[in-house]
Amino acid sequence: MPNNIGAEVASLIHTEAPGFVKIELHESVDTDGMHSMIEKDEIVIPAQGQTLLASGSLHHADRPKKRLVMGEALPLNLTFSHEVFIELGAMICRRDQMN
């Protein structure tokens, strides 16, 4: 969940990771009973706030180059507005194991 401790709105604008062709920012929406994912140019994080990234809402949609292995560590490189770059680690897990 990206947190923004700054006084201005920030946006997550790009994510990349080794072993992935592309990682897209998406939003899941339901319209007239149809579920779809809409690619987003950015995910906004309000000033002094946070934005939840979760399946069925705002999330990353990835295209791995190879099959993912459960329990494998995944380094993520996030790019935010105002030229802020953050590197963090994630773990590959099933959807029902996510916190």
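Here is a short walk through one sheet and one pocket of this structure.

The model is predicted, so a word on its ground rules helps: local features need pLDDT of at least 70, side-chain atom pairs count only at pLDDT 80 or more, and totals for chains, interfaces and linings use all residues. Residues are numbered from 1 along each chain as its sequence is written, and side-chain values use heavy atoms, leaving out hydrogens and water.

Let's start with the sheet. Its 4 strands form an open sheet in the order β5-β2-β8-β9, with antiparallel pairing. Strands here are DSSP runs (E, at least two residues), numbered from the N terminus, and two of them pair if DSSP finds at least two bridges between them. At the edges lie β5 (43-45) and β9 (84-91), each pairing on one side only. Strand β2 (residues 10-16) is joined to the antiparallel strand β8 (residues 73-80) by 4 bridges. To see one bridge partner, look at T15, which is matched with L78 in β8.

Strand β2 also leads us to the second largest pocket, where it gives two or more residues to the lining, as do β3 (20-31) and β4 (34-40). A pocket is an open set of points on a 1 Å grid over the protein atoms alone, where a 1.4 Å probe fits, with protein on both sides within 12 Å along at least five of seven lines; lining residues have an atom within 4 Å of a point. This pocket holds about 210 Å³ of space, a volume being the space filled by probe spheres set on the points, which are joined across faces, edges and corners. Of its 14 lining residues, H14, T15, K22, I23 and E24 are the closest to the centre. The most lining residues, 6, come from β3.
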